[in-house]
Amino acid sequence: LLILMNRLLIASQEVKNGIWLREENRGDELMGKTFGIIGYGNMGKAVAKRLSGFGVKVVFHDILPDLGDEYATQVSLETLQKEADIISLHTPQTPETHYLIDEVFIRNMYKSFYLVNTARGKHVKTSALVEALKEGKVKAACLDVLEFEKASFENIQTSENSDLDYLLNSEKVIVTPHIAGWTVQSKIKLAQFIVDKILQLNL
């Protein structure tokens with residue numbers, strides 16, 4: 001999100017190509033914005049905790065009640081849509097979350113907003129997102145997952161889908177191959193978690 005809002009990938013590529021543009025790459029500050037989280041499980045809470053030093057107001061919506069804590073305030077979906085400058089998705093794939101972000105959701109957003117999806121690709125209706133990006137209702141998007149994912153991301157045939165082509169070629173979109181939590185440290189933690197579970201079963 002910080003890379004996107006500050007146009008860092010764009011500016012870096014321009015400089016590497018001998019282009020030096022400063023005013024054209026003026027960024028948008030995260031501080032002072034309202035960050036809306038949908039789904040306040042472990043991932044949603046982790047995001048809220050990490051945002052605590054960024055000077056943002058964090059609100060969230062979840063189907064379970066009374067989940068608010070020191071890092072975020074629970075609100076209705078309608079309130080979140082009214083207040084949020086940024087929407088970040090942290091929900092499982094269920095019939096209720098399929099196309100959670102569609103034309104109706106986007107239309108009901110009070111402000112133009114940034115979208116972050118590190119959860120499931122089918123949470124977002126790509127055609128609706130593309131139209132909103134073109135119209136400016138969605139300012140930009142960070143997508144770690146895609147509606148059109150196959151078993152192997154690198155085997156996607158982009159020519160098959162004009163909406164996917166748009167996402168992959170737009171400077172308003174960052175697309176990554178489901179690596180939002182994919183670190184050396186997370187691999188070690190996951191391995192240790194599995195070892196601990198095995199040891200518990202053997203006791």
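**Figure 1. Surroundings of His 123 in the loop between strand 5 and helix 6 of the predicted model.** His 123 has a relative accessible area of 0%, which places this residue in the buried class. A polar atom of the His 123 side chain lies 2.7 Å from the backbone oxygen of Thr 91. Apart from residues up to four places away in sequence, His 123 touches Leu 89, Thr 91, Pro 92, Gln 93, Thr 97, Tyr 99, Leu 100, Ile 101 and Asn 117.

**Figure 2. Lys 125, in the loop between strand 5 and helix 6.** With a relative accessible area of 23%, Lys 125 is partly exposed, because buried residues are those under 20%. The side chains of Lys 125 and Glu 103 are joined by a polar contact of 3.1 Å. Neighbours within four places in sequence aside, the residues in contact with Lys 125 are Tyr 99, Ile 101, Asp 102, Glu 103 and Glu 147. Ile 179 is 54 residues from Lys 125 along the chain, and the C-alpha atoms of these two residues are separated by 21 Å.

**Figure 3. Ser 170 in the loop between helix 7 and strand 7 (173-175).** The side chain of Ser 170 reaches the backbone nitrogen of Lys 172, at 3.0 Å. Ser 170 is buried, its relative accessible area being 12%.

**Figure 4. The largest nonpolar core, made up of 28 residues.** The members that touch the most other members are Ile 87, Leu 89, Ile 101, Leu 115, Leu 129 and Leu 167. At least two residues of this core come from each of strand 4, helix 5 (103-107), strand 5, helix 6 (126-135), strand 6 and helix 7 (162-169). Helix 6 contributes the most, with five residues. Leu 129 touches Ile 106, Leu 115, Val 124, Val 138, Ala 141, Leu 143 and Leu 167, when residues up to four places away in sequence are not counted. A second core, separate from this one, has 18 residues, among them Ala 48, Ile 86, Val 116 and Ala 140.

**Figure 5. The largest pocket, with a space of about 1400 Å³.** This pocket is lined by 35 residues, and those closest to its centre are Val 47, His 90, Thr 118, Ala 180 and Gly 181. Two or more lining residues are given by each of helix 1 (2-5), helix 3 (42-50), strand 4 (86-89), strand 5 (113-117), strand 6 (138-143) and helix 8 (184-202). Helix 3 supplies the largest share of the lining, four residues. Divided by class, the lining has 20 nonpolar, eleven polar and four charged residues.

**Figure 6. The second largest pocket, with a volume of about 340 Å³.** The lining of this pocket has 16 residues, and Gly 39, Ile 63, Thr 91, Pro 92 and Thr 97 lie nearest its centre. Seven of the lining residues are nonpolar, seven are polar and two are charged. Thr 91, Pro 92 and Thr 97 are also among the residues that His 123 touches, and the backbone oxygen of Thr 91 is the atom that lies 2.7 Å from a polar atom of the His 123 side chain.

Definitions and conventions. Residues numbered from 1 in each chain as written. Predicted model: local features only at pLDDT ≥ 70, side-chain atom pairs only at ≥ 80, totals over all residues. Heavy atoms only, no water. 1 Å grid on protein atoms, 1.4 Å probe; cavity = no way out; pocket = protein on both sides within 12 Å on 5 of 7 lines; lining within 4 Å. Points joined across faces, edges and corners; volume = space filled by probe spheres on them. Nonpolar A, V, L, I, M, F, W, Y, C, P; charged D, E, K, R; others polar. Core = buried A, V, L, I, M, F, W, Y, C linked by side-chain atoms within 4.5 Å. Buried < 20%, exposed > 50% of the residue type's maximum accessible area, 1.4 Å probe, protein only. Contact = heavy atoms within 4.5 Å. Polar contact = N/O pair within 3.5 Å; in protein donor to acceptor, adjacent residues only side chain to side chain.
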